[in-house]
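Trainee: Could you take a close look at one part of this model with me? I'd like to go through the place where the two domains meet, and then whatever sits behind it.

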Amino acid sequence: MTPDQLTERLTLCGTAPDSELAALVKEAGLEQIGAVLADEVLFRCDEPVNTTPVDIALEILHGGETHRVVLRMVPGTPIRVLDGGDTSAVIRRHLRIELSDLVQRLYGPLHRQHSGDFTDIFLPDRPENLSELPDILKATHQAGGTLLSGCTSEAPGLGSLSVKYGSDKWASFHWYTQHYENHFAKYRDRPVRVLEIGIGGYAADLGGPSLKMWKRYFHRGMIFGLDLFDKSALNQNRLNALTGDQGNPEGLRELAEKYGPFDIIIDDGSHENEHVRVSFDALFPYVKPGGLYVIEDLQTAYWPRFGGTPGPVTAPDTSVGLLKRLVDDLHYAEFDPKPESRSLTQQQVIGVHTYHNIAFIEKGVNGETSIPAWMDDEAWKALGAITPEEGRLEGESR
Ligand SMILES: C[S@@+](CC[C@H](N)C(=O)[O-])C[C@H]1O[C@@H](n2cnc3c(N)ncnc32)[C@H](O)[C@@H]1O
């Protein structure tokens with residue numbers, strides 16, 4: 001079992017019977033599973049706010065075994081996992097939890113109340129210097145709060161997450177997260193597979209802010225990013241940074257065969273109009289039914305240097321032209337004459353939601369039929385009623 005497979009199976013345990021988790025422990029062992037969970041907790045933890053450095057232990061129990069991770073929380077620095085043999089550790093607090101309870105907390109449904117599932121051993125040893133006691137008490141309390149902030153599937157809103165991780169999806173030139181909140185809410189509790197084209201980051205900054213934001217938001221999600229540049233150093237549990245060119249349809253299909261199908265695909269890559277179309281054509285078939293394809297930065301449809309037309313009416317080969325075509329495809333049942341065969345998008349696009357510079361395309365079965373033509377004048381005539389035509393006032397047109 002690869003680490004990715006183990007992680008994915010653990011996310012599924014959040015809603016599966018306990019026997020699934022027990023079987024997984026038999027296969028992979030508590031140590032490996034505990035390491036994945038501790039990693040997840042660390043990723044979700046708020047910044048430490050304790051005023052004095054504290055070592056605190058997270059202990060995961062299963063069948064008489066314990067997996068212990070000791071965390072050092074120092075004001076102003078990231079939380080550090082101490083080596084098992086680190087003799088400098090002075091553990092001020094032990095937070096103990098059954099494996100299945102922690103899995104529930106991390107990968108179970110949102111908004112479920114958890115209480116009393118931790119055994120809290122607070123200040124097991126008296127500090128040597130009693131004058132330090134007030135500071136130690138306060139810092140131990142704060143460090144416990146930080147650790148608990150990571151033991152939950154709840155997350156701040158996408159606007160806050162965008163700012164926290166440094167994505168430009170909110171509070172700069174873009175105001176996208178309000179739309180993401182609306183369209184993504186129903187996927188949030190599901191074990192989704194998400195692919196975002198465009199990882200971000202320049203020069204020494206490796207990037208990946210939005211991938212981290214999706215990882216935090218979709219607490220059961222497997223997140224994949226694609227970028228022209230190698231950003232595999234970002235790889236971690238539930239986050240995979242892949243390398244490739246969104247202008248290469250063969251490469252996109254290969255990637256999708258390997259890692260897809262996806263519940264959600266987001267195009268935040270080069271924003272070249274040709275790339276947007278090529279990527280959509282190659283990847284839309286790999287969106288699951290009921291899934292979404294998102295295109296950001298539609299402004300480039302109006303920028304000639306990105307292959308756009310300056311407006312006021314964009315050309316069909318731009319991203320906005322693609323969306324206009326999809327609105328037509330959505331209404332293929334109304335065409336006269338009806339098409340003999342339907343394109344994939346005519347069959348599978350069931351919604352096109354556009355906002356300023358961002359669009360959400362819904363995939364499903366576009367099978368609604370048209371209002372029958374006979375509902376027009378013929379039906380009225382058959383009823384012997386006055387037709388809408390006859391009922392019109394002089395000079396009034398249809
Ligand atoms: C706007 S940034 C992505 C920002 C990120 N999604 C976020 O929200 O923080 C665009 C990224 O697309 C990548 N990119 C540019 N051209 C590309 C291409 N042809 N294929 C794949 N990625 C590309 C760039 O390297 C850059 O990292």
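**A close look at the domain boundary**

Mentor: Let's start with a pair of charged side chains: E40 and R44 are both buried. Keep in mind that this is a predicted model. The two residues belong to helix 3, where they sit four residues apart, or about one turn of the helix. An α-helix has 3.6 residues a turn, so residues three or four places apart point the same way. Here the side chains of E40 and R44 meet in a salt bridge, with 3.0 Å from N to O.

E40 has another partner as well. It forms a salt bridge with R238, and there the closest N and O atoms are 2.6 Å apart. To place these residues, look at the division of the protein: domain 1 covers 3–149 and domain 2 covers 158–363. Between domain 1 and domain 2 the count is two salt bridges. Polar contacts across the boundary come to eleven residue pairs, with both residues at pLDDT 80 or more.

Which helices supply at least two residues each to the side of domain 1 that touches domain 2? They are helix 1 (3–13), helix 3 (30–44) and helix 4 (99–107). Sorted by class, that side of domain 1 has eight nonpolar, six polar and five charged residues.

Now for the boundary as a whole. The contact involves 19 residues of domain 1 and 16 residues of domain 2, while the centres of the two domains, taken over C-alpha atoms, are 35 Å apart. About 1,600 Å² is buried between domain 1 and domain 2, and carbon and sulfur atoms give 47% of that area. On the domain 1 side, the residues that lose the most area to domain 2 are F43, R44 and L110, together 37% of what that side buries. So R44 turns up twice: in that trio, and in the salt bridge with E40.

Helix 4 deserves its own look. Seven of its nine residues are buried, leaving the helix mostly covered. The buried ones are L99, L102, V103, Q104, R105, L106 and Y107. What covers them includes helix 1, helix 2 (18–28) and helix 3, along with strand 1, strand 4 (91–98) and strand 5 (118–122).

Strand 1 brings us to more charged pairs. D55 and R72 join their side chains in a salt bridge, at 2.8 Å from N to O. This pair links distant parts of the chain, with R72 in strand 2 (residues 65–73) and D55 in strand 1 (residues 54–62), 17 residues apart. Are R72 and D55 buried or exposed? R72 has a relative accessible area of 17%, which is under the 20% cut-off, so R72 is buried. D55 is buried too, with a relative accessible area of 6%.

Then there is E59, which forms a salt bridge with R68, the closest N and O atoms being 2.8 Å apart. The two ends of this pair have separate burial classes: E59 counts as buried because its relative accessibility is 1%, and R68 counts as partly exposed because its value is 45%.

One last stop, for the wider picture. The structure holds 15 salt bridges. Elsewhere in the protein, K169, E196, D268 and E296 are linked in a network of salt bridges. If you go back to the boundary afterwards, begin again at E40, with R44 as one salt-bridge partner and R238 as another.

Terms used
Residues are numbered from 1 along each chain as its sequence is written. This is a predicted model: local features need pLDDT of at least 70, side-chain atom pairs count only at pLDDT 80 or more; totals for chains, interfaces and linings use all residues. Side-chain values use heavy atoms; hydrogens and water are left out. Domain bounds come from an automatic or database domain assignment. Contact means heavy atoms within 4.5 Å. Buried area is the accessible area (1.4 Å probe) that two parts lose on being put together, summed over both. A salt bridge is a side-chain nitrogen of Lys or Arg within 4 Å of a carboxyl oxygen of Asp or Glu. A polar contact is a pair of N or O atoms within 3.5 Å; within protein, one must be able to donate a hydrogen and the other to accept it, and residues adjacent in sequence count only if both atoms are side-chain atoms. Ala, Val, Leu, Ile, Met, Phe, Trp, Tyr, Cys and Pro count as nonpolar, Asp, Glu, Lys and Arg as charged, and the others, Gly among them, as polar. Buried means under 20% relative accessible area, exposed over 50%, partly exposed in between (1.4 Å probe, protein chains only).
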